[in-house]
Amino acid sequence: MSTTSSGPDKKRVGILISGRGSNMVSLIEAARAGDYPAEIVCVISNRPEAAGLARAEALGIPTQAIDHKAFASREAFEVELDRALRGHGVEIVACAGFMRKMTAGFVEGWRDAMINIHPSLLPSYKGLHTHARALEDGVKIAGCTVHFVRPELDSGPIIAQVAVPVLDGDSEDSLAARILEAEHRLYPHALAMVASGAAKVEGDRVAYRQFQINQMNSLYWPPLS
Ligand code: GRF
């Protein structure tokens, strides 16, 4: 089996991180498959100390730290970030724990070509502390979402979602860990759909082409007895 990760038909993807980069690793690993429709060409962090940079390097991906603190304005930082991404020939930007607010100008420059993962079933629980707020509300089903990025926080056409049960006695950490596991499967799946053209923005939502339904199970929680 071929493990080649580059090829003329593969979309060139740049990953933006700020921290540990576990979603980044899941994308890099998925993209190693010969038939994956995207290749990861760079990982860029706005925090030089981000642990994900070393993880990406160890996996053989070119990395760059662009410290936002070194720039006088958000815009000046984004000019540099944009230059770096375009310099790598990036076609799709995948935000993976990128904790920096972006200006509308930057976001519009990557319209329908920038995606993000958020640990909630959007449009519920936008912003920070999603798990704590979900627990406080007593919801029984939480989850995560991959979406195209729009200038408003955690908004944009939804590409894919996973529903994850909330268990009695869950803490913020235990719920976060269960959702993170789902994130690691969802993000490579969603990126593949975007890169292959199977998921496309139409109006203000995502439409699927070539969608194959192998299974369609509703999640009942608590389960039906
Ligand atoms: C993930 O929960 C992601 O959904 C959110 O930030 C976290 C990043 O974790 N946007 P990691 O850096 O990918 O491990």
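A residue counts as buried when its relative accessible area is under 20%, as exposed when the area is over 50%, and as partly exposed in between. Cys144, at 0% relative accessibility, is therefore buried. This report describes a predicted model, and the terms above return throughout.

**Overall form**

The protein contains six helices and nine strands. Its C-alpha atoms fill a box of roughly 55 × 45 × 40 Å along the principal axes. For 225 residues, a compact globule would have a radius of gyration near 17 Å, and the 18 Å of the protein agrees with this. Of the 225 residues, 44% count as buried. The accessible surface comes to about 11,700 Å², and 51% of that surface belongs to carbon and sulfur atoms.

Contacts also link distant parts of the sequence: among those between residues at least 6 apart, 64% join residues at least 24 apart. The protein has 23 positive and 26 negative charges, and the mean positions of the two groups are 2 Å apart.

**Helix H1**

How much of helix H1 is buried? Helix H1 spans residues 22-30, and seven of its nine residues are buried, so the helix is largely enclosed by the rest of the structure. The buried residues are Ser22, Asn23, Met24, Val25, Ser26, Leu27 and Ile28. They pack against several elements, including strand E1 (11-17), strand E2 (38-45) and helix H2 (51-58). Strand E4 (92-95), strand E5 (114-118) and helix H6 (172-196) are also among the elements they pack against.

**Cysteines**

A disulfide requires two cysteine sulfur atoms within 2.5 Å of each other. By this rule, the count is zero. Cys42 is in no disulfide, and its nearest cysteine sulfur, that of Cys95, is 12 Å away. Cys144 is in no disulfide either; the nearest cysteine sulfur to it is that of Cys95, 16 Å away. Cys42 is buried, with a relative accessible area of 1%, and Cys144 is buried at 0%.

**Thr63**

Thr63 lies in strand E3, which covers residues 63-65. Is Thr63 buried or partly exposed? At 26% relative accessibility, Thr63 counts as partly exposed. Apart from its neighbours within four places in sequence, Thr63 is in contact with Val43, Leu53, Ala56 and Glu57. Arg111 is 48 residues from Thr63 along the chain, and the C-alpha atoms of the two are separated by 23 Å.

**Backbone exceptions**

Most residues other than glycine have a negative phi, and most peptide bonds are trans. The table lists exceptions.

| Item | Backbone value | Place |
|---|---|---|
| Leu122 to Pro123, cis | omega about 15° | Pro123: loop between E5 and H5 |
| Trp221 to Pro222, cis | omega near 0° | Pro222: segment after strand E9 (205-208) |
| Tyr125, positive phi | phi about 55° | loop between E5 and H5 |
| His129, positive phi | phi near 55° | loop between E5 and H5 |

The loop between E5 and helix H5 (130-137) holds Pro123, and Tyr125 and His129 are found there too. Which of the three classes does Tyr125 belong to? Tyr125 is buried, with a relative accessible area of 18%, whereas His129 is exposed, with 58%.

Terms used. Residues numbered from 1 in each chain as written. Predicted model: local features only at pLDDT ≥ 70, side-chain atom pairs only at ≥ 80, totals over all residues. Heavy atoms only, no water. Helix = DSSP H or I, 4+ residues; strand = E, 2+ residues; numbered from the N terminus. Rg over C-alpha atoms; globule rule 2.2 N^0.38 Å. Buried < 20%, exposed > 50% of the residue type's maximum accessible area, 1.4 Å probe, protein only. Contact = heavy atoms within 4.5 Å. Areas by Shrake-Rupley, 256 points an atom, 1.4 Å probe, with all protein chains shown as cover. Lys, Arg positive; Asp, Glu negative; His and termini not counted. Charge placed at Lys NZ, Arg CZ, Asp CG, Glu CD.
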